[in-house]
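I opened this notebook to record what I looked up in the structure shown below. The entries follow the order in which I consulted it.

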Protein chains: 2
Amino acid sequence: MSEPKQLLLNLFEMGAPGHITHGMWRQEGNQRQRYADLSYWTELAQLLEHGGFDAVFLADVLGGYDVHTGSLAPALRMGLQIPQVDPSVLVPAMAVVTDHLGFGLTASTTYEPPFSFARRISSLDLLTRGRVAWNVVTSYLPGAARNFGLADQIDHDTRYAIAEEFLQVTYALWEGSWDDDAVLADAEAGVYTRPDGVRPIDHVGQHFRVAGPHLVEPTPQRTPLLYQATASSAGIALAGRHAEVVFTGGPNPGVVRRTAEGARAAAEREGRRREDVRFVVQAAIITGRNDDQVAEKLARYRATTDPQGKFVHMSVPFDAPSHPVDRTVREALLAEGRDDLVAAGGLPMDITVGQLATGIDEAWQQHFFVAGTPDVVADEVERWLDEEGIDGINLRQYHSTETARDFVELVAPELRRRGRLREEYEPGQTLRERTTGGGPRLPDTHPAARYRSGR
Amino acid sequence: MSEPKQLLLNLFEMGAPGHITHGMWRQEGNQRQRYADLSYWTELAQLLEHGGFDAVFLADVLGGYDVHTGSLAPALRMGLQIPQVDPSVLVPAMAVVTDHLGFGLTASTTYEPPFSFARRISSLDLLTRGRVAWNVVTSYLPGAARNFGLADQIDHDTRYAIAEEFLQVTYALWEGSWDDDAVLADAEAGVYTRPDGVRPIDHVGQHFRVAGPHLVEPTPQRTPLLYQATASSAGIALAGRHAEVVFTGGPNPGVVRRTAEGARAAAEREGRRREDVRFVVQAAIITGRNDDQVAEKLARYRATTDPQGKFVHMSVPFDAPSHPVDRTVREALLAEGRDDLVAAGGLPMDITVGQLATGIDEAWQQHFFVAGTPDVVADEVERWLDEEGIDGINLRQYHSTETARDFVELVAPELRRRGRLREEYEPGQTLRERTTGGGPRLPDTHPAARYRSGR
């Protein structure tokens with residue numbers, strides 16, 4: 001009998017009062033208002049490392065959610081991803097107080113120059129001794145585009161073409177610019193770096209021109225562990241080519257399986273192995289020592305959920321909750337004077353506002369959801385691992401840090417008992433080694449490998 | 001009798017094995033090879049805070065020094081600012097282990113988008129509770145330009161025009177985008193941020209288009225304490241308009257005085273007060289408990305200095321040390337086949353290589369230099385404060401962390417005895433309050449003030 005598959009375990013977080021469980025900062029004792037305190041992050045990091053988490057996975061956006069109601073007001077009122085802090089500044093603070101916890105950083109390929117981005121990521125990988133993952137995204141908010149000199153969002157395909165070239169530039173810097181043995185730090189000979197071990201990358205492409213060399217010496221992982229959050233077909237192709245872990249979702253397990261199958265097939269077409277791509281889903285887990293505790297939390301979380309949050313977060317382009325539920329989408333849009341949206345199409349015009357809300361509710365609760373005692377949760381984790389074929393979860397927090405602490409204190413011990421979660425960290429392992437079971441660097445089958453030794 | 005003027009005290013540092021005292025990483029016990037260890041930075045930060053330093057002032061470059069000899073090889077061999085790490089990732093790590101120490105971050109206005117830069121700086125100011133300074137630079141290395149899509153350096157005047165607009169964008173984000181009382185975090189009412197307290201900036205300029213609003217809530221200082229490193233005339237004009245502290249130098253105190261006078265006059269023309277601009281110089285201080293210790297250190301530092309370092313760092317465009325000292329610059333250039341440089345002019349062709357080296361030596365040792373026991377050092381500090389009119393120093397390290405420790409253990413007590421260094425930090429003060437004696441925000445006379453409340 002083979003070993004049971006172990007859970008890849010991340011906490012899904014964001015440097016903001018509201019991330020993905022909207023309105024819940026209002027709960028008594030919730031620590032979200034401390035998102036701007038370093039101590040919130042150092043305490044959280046220590047809790048997660050104590051609980052054996054693989055990483056804290058940090059979301060990010062570069063603009064506000066202003067599509068719903070055509071205004072940023074609802075997002076501001078709810079603290080929905082605004083105000084916020086840059087996730088990259090949270091990592092070094094958490095790294096100081098931990099030895100093993102990984103850090104998943106969401107960062108877009110669309111707006112920042114790849115050279116300085118690659119430097120920042122390498123600096124983090126060097127200083128954390130190989131504990132960094134990059135969640136590659138292309139940005140989906142029009143509000144972000146307008147903060148970077150553009151009138152509106154770049155079209156989807158161009159964003160993915162830019163992402164592909166951005167990745168090539170960063171691979172060249174990370175994998176090819178410095179030899180492993182370039183740094184000698186030989187005080188006797190007076191040679192810090194062997195100059196012939198370092199070379200420019202001389203990238204000249206359609207979107208970027210970058211000479212190099214990289215300014216950072218080789219880091220434990222070189223290229224950080226590569227995540228990609230996706231469900232679109234262009235995203236699946238990019239993930240199949242590049243991602244080591246795909247963060248995905250869908251209204252039901254069938255969609256997750258189709259995404260996984262699509263990404264694995266894409267990986268094979270690119271000469272990678274099917275098992276080179278792993279899958280994590282967002283997990284909504286509510287637990288307690290007994291059913292009463294579970295019921296109390298479930299009721300409390302439901303009661304503090306801001307129902308408008310999902311419309312804002314999913315960029316539904318009109319103020320759906322303000323209309324009678326039996327009004328059609330078309331009627332609601334016309335009542336708001338949004339004839340432009342009716343003309344543009346794209347929305348299901350003939351369903352009612354009530355049906356739309358139900359549909360979004362289902363999509364919103366798309367992910368792994370379970371409320372129950374630790375054995376019930378562990379059963380569900382095992383079912384997702386064994387039957388749905390996922391490799392891990394990004395745990396969402398309803399209450400910070402009650403949700404994380406519940407997992408650490410109640411669920412983790414049960415998963416350990418079942419052989420689904422490591423007993424302890426392997427000292428000195430990089431995040432990639434722990435996640436993939438391979439070496440600290442990308443495997444030779446990955447497209448980044450062709451940039452090695454400046455080839 | 002008035003209080004004696006107190007010293008503004010920074011350590012000048014960089015996340016690299018070699019910053020400004022080239023070759024010295026080779027000394028026994030020097031910790032420069034630990035530049036990539038978080039513990040190097042946390043230990044250093046604790047030492048500086050113990051010693052009452054105002055800030056650690058972090059240098060930065062976005063490319064390599066490859067003008068001298070037309071190659072990056074000498075810089076690589078010496079570890080001269082390469083390899084390196086992004087200074088912004090060092091700040092949160094140091095902030096976790098300190099309460100008062102400030103962080104001066106050098107960052108260029110030439111290559112990165114202002115929106116994400118402003119977000120990163122605000123995130124740091126928020127998380128450190130107002131301990132951040134920004135050293136505004138425009139980048140001088142052609143190697144940096146080539147890493148950001150350009151064939152060569154942007155001309156000096158254009159760089160300063162971009163800098164001016166970059167500052168306007170960041171001021172609008174920092175000062176004008178959020179009201180002080182916009183964040184309510186009112187759980188009862190369910191209002192995190194009052195939407196009418198937040199507004200876009202809608203900047204449309206020659207170099208940037210940025211809609212906003214800023215994504216970060218008001219931080220203790222809003223705009224970080226503004227440093228500028230300069231000596232050029234365009235730099236002095238920019239400093240007079242914007243800088244709260246100017247980091248300057250020159251071959252002798254007269255040049256420092258002329259720079260200071262120029263910047264103060266420029267400030268007055270901009271409607272600011274002369275005293276709104278302060279001046280720090282780089283200080284080279286070698287001390288010991290007695291003259292023998294001073295002599296030992298001086299000899300050791302001299303012996304491990306790499307003489308080529310200054311040519312590389314000052315971008316002397318040919319391999320001067322490889323030529324006989326009595327050869328003229330023209331002859332040396334022709335011998336290297338650099339007819340182009342002879343034709344281009346700009347170098348003093350008729351002086352000898354030996355005279356060039358002496359000239360650079362003098363320029364190189366331009367700054368505040370003293371080797372002596374603590375009372376001798378304190379005398380020199382007082383002379384610079386009282387006679388030369390400076391306000392503070394950026395202390396360079398010859399040996400890390402011997403130099404910083406010598407200052408903390410030997411010089412700081414002597415300066416305290418003379419009333420030149422604070423006895424202790426004022427709890428809760430921002431870096432701006434401590435540095436300027438004013439409030440946590442920029443004074444109303446500063447050009448950033450006109451962006452307040454979205455005006």
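**Entry 1: the interface**

I began with the contact between the two chains and noted that chain A and chain B bury about 5900 Å² between them, 65% of it on carbon and sulfur atoms. Buried area here is the accessible area (1.4 Å probe) that two parts lose on being put together, summed over both. I recorded that this is a predicted model, in which local features need pLDDT of at least 70 and side-chain atom pairs count only at pLDDT 80 or more, while totals for chains, interfaces and linings use all residues. I also noted that residues are numbered from 1 along each chain as its sequence is written, that chains are lettered from A and ligands numbered from 1 in the order in which they are written, and that side-chain values use heavy atoms, with hydrogens and water left out.

I then looked up how many residues each chain gives to the contact: 72 residues come from chain A and 72 residues from chain B. Contact means heavy atoms within 4.5 Å.

**Entry 2: polar and charged pairs**

How many salt bridges does the rule find across the interface of chain A and chain B? I noted eight, a salt bridge being a side-chain nitrogen of Lys or Arg within 4 Å of a carboxyl oxygen of Asp or Glu. In one salt bridge, the side chain of R120(B) meets that of D86(A) at 3.3 Å, N to O.

For polar contacts, I found 30 residue pairs across the interface of chain A and chain B, both residues at pLDDT 80 or more. A polar contact is a pair of N or O atoms within 3.5 Å; within protein, one must be able to donate a hydrogen and the other to accept it, and residues adjacent in sequence count only if both atoms are side-chain atoms.

I next asked which element supplies the largest share of the side of chain A that touches chain B. I found that α4(A) does, with eight residues. Helices (H or I, at least four residues) and strands (E, at least two) are DSSP runs, numbered from the N terminus.

By class, I listed 44 nonpolar, 15 polar and 13 charged residues on the side of chain A that touches chain B. Ala, Val, Leu, Ile, Met, Phe, Trp, Tyr, Cys and Pro count as nonpolar, Asp, Glu, Lys and Arg as charged, and the others, Gly among them, as polar.

**Entry 3: symmetry**

I recorded that a rotation of 180° with 0.0 Å of shift along its axis superposes chain A on chain B, with RMSD 0.0 Å. The two copies are therefore related as by a two-fold rotation axis. In chain A, the C-alpha nearest the axis belongs to A93(A), 2.4 Å from it. I noted that 100% of the contact residues of chain A recur in chain B, and the same surface serves both copies. Copies are superposed by least squares on the C-alpha atoms of residues with pLDDT of at least 70 in both.

**Entry 4: backbone details**

I located a cis peptide bond between I82(A) and P83(A), with omega of about -5°. P83(A) lies in the loop between α2 and α3 of chain A. Another cis peptide bond joins S400(A) and T401(A), with omega of about 5°.
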